[in-house]
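Me: Please take a close look at a single helix in this model and at the elements around it. I would like one connected account of how the helix is placed and which of its residues are covered.

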Amino acid sequence: MSTEAVSSRPRAQIVAPVQRDGYYWLRSFTAGGVAGCCAKSTVAPLDRIKILLQAQNPHYKHLGVLATLKAVPKKEGFLGLYKGNGAMMIRIFPYGAIQFMAFDNYKKFLRTQLGISGHIHRLMAGSMAARLAFQVTGFHQYTGIRHAFQTIYMKEGGILGFYRGLTPTIIGMAPYAGFSFFTFETLKTLGLTHFSELLGKPSLDNPDVLVLKTHVNLLCGGVAGAIAQTISYPLDVARRRMQLGTSLPDYDNSLSKTLKHVYSQYGARRGLYRGLSLNYIRCVPSQAVAFTTYEFMKQILHLN
C-alpha cells in the first residue's frame, strides 16, 4: 500500500519492486485479511447502531446515535452491540484480503496509474450479518447464521435471496474503494516526498526504506475513510435496506425505487444520510486501523 522512500535520499523515491517468492501472494492476502478484521472489530458496536438507524428499526428509530448506543446494552445486554459480528468476520477477512492485495499488486504492476481493488463482495455472509445485526432481543426472526441461511434460502427466492443489494454494492464499490485508496496514497506520497524526515521512519523489514510513522498512518487512513464514506453513503443506505429484504415492511428490490422511497418518506438528512454522523465516528478509526495494520503486516511479512 505504501509509497516507500530510500532513507539515504533527501526526497522520497519509489524503490524497486520486492522480489516475490511463491508465498508472496499468500502473505499479502493474509496481511489484508488481518487488517480488515482488526478494523471491523474495532467499530463493531457502531456498525450495529448504523444498521439499526439506516433501516429505521421500530425499536430504535425514534432515537439518535448516542441514545441508541446507550439503549442497546440496556435492552439487549453489552453483547447486543456485537450482534452479527461473527457472521461479518466471515465476510470481512476475504473482503479485506482481496481488497488490499488487489490494490497493492495493481499499484506495483502499474506504477503510474491508480488501481482500484477488484474484489467481489461476499454478499451471502454480508446479507446474513446485516439481518442478524438488525434484530432486537425478544423479536428474533433468525436464531443464528445457519437459521438465517436456511430461512433466506427457503422463503426469499432461493440463492437469489442472498444477492439483494448487489446493484448498489457494485455501483458503490468503485467510488468508495477508489477515493479511499486514492486519498490515502496521495497523502502518503506527499508526506514521504516533502516531509520524509518529519513523517517517515525506517521500515522494520528494511531499514533503508522509509514508511510513514504510525500516528501519521492513522491520520491518513481516517481522512481517506471519511471522504470515501461521504461520497458513497446513500448507496450504502439503499444496500442495507435491500439486503434486509422481507425484514422491512416497506421493502423493495429496486435500487432506484429504494432511493426514491427513502427520500420521499424520510428526506435527505433523515433518510439518505441518516446515521452519517455515526459513520464519521466509525469510519475514522476503522480505516485508520485498516491501513495502519496492513502497513505493519507488510513489514512483518516482508512485503515492502
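Reply: A residue is called buried here when its relative accessible area is under 20%, and exposed when that area is over 50%. The model is a predicted one, and the helix considered is α3, residues 65–76.

The length of α3 can be checked against its residue count. At 1.5 Å a residue, the twelve residues of α3 should span 16 Å, and the C-alpha atoms at its ends are indeed 16 Å apart, so the two values agree.

By the cut-off above, V65, T68, A71, V72 and E76 are the buried residues of α3. Viewed down the helix axis, these buried residues fall within an arc of 115°, and therefore line one face of α3. An α-helix has 3.6 residues a turn, so residues three or four places apart point the same way. On the other side of α3, the residues L66, K70 and K74 are exposed.

What covers the buried face? The buried residues of α3 pack against α2 and against α12, which comprises residues 276–300.

The packing with α2 can be described in detail. Two packed helices are described by the angle between their axes and the distance between the axes. For α2 (residues 44–54) and α3, the axes come within 10 Å and cross at roughly 105°. Because angles of 65 to 115 degrees count as roughly perpendicular, α2 is roughly perpendicular to α3. On the α2 side the contact involves L46, R48, I49, L52 and L53, which meet V65, T68, L69, V72 and E76 of α3. By class, this contact of α2 with α3 has seven nonpolar residues, one polar residue and two charged residues.

Helix α2 also has a partner on the N-terminal side, α1 (residues 24–42), and the axes of α1 and α2 come within 5 Å and cross at roughly 65°. These two helices are therefore roughly perpendicular to each other as well. Their contact brings K40, S41 and T42 of α1 to A44, P45 and D47 of α2. The residues of the contact of α1 with α2 divide into two nonpolar, two polar and two charged.

A further relation concerns K50, whose C-alpha atom is separated by 9.9 Å from that of R240, although the two residues are 190 apart along the chain. R240 lies in helix α9, residues 214–244. With a relative accessibility of 4%, R240 counts as buried.

Finally, the chain just after α3 reaches G77, which takes a positive phi of about 85°.

Conventions:
Residues are numbered from 1 along each chain as its sequence is written. This is a predicted model: local features need pLDDT of at least 70, side-chain atom pairs count only at pLDDT 80 or more; totals for chains, interfaces and linings use all residues. Side-chain values use heavy atoms; hydrogens and water are left out. Axes are lines fitted to C-alpha atoms, for helices over the stretch in contact, and angles run from 0 to 180 degrees between N-to-C directions. Helices (H or I, at least four residues) and strands (E, at least two) are DSSP runs, numbered from the N terminus. Angles under 35 degrees count as roughly parallel, over 145 as roughly antiparallel, 65 to 115 as roughly perpendicular and the rest as oblique. Contact means heavy atoms within 4.5 Å. Ala, Val, Leu, Ile, Met, Phe, Trp, Tyr, Cys and Pro count as nonpolar, Asp, Glu, Lys and Arg as charged, and the others, Gly among them, as polar. The expected span of a helix is 1.5 Å times one less than its number of residues. Buried means under 20% relative accessible area, exposed over 50%, partly exposed in between (1.4 Å probe, protein chains only). The arc is that of the directions from the helix axis to the C-beta atoms.
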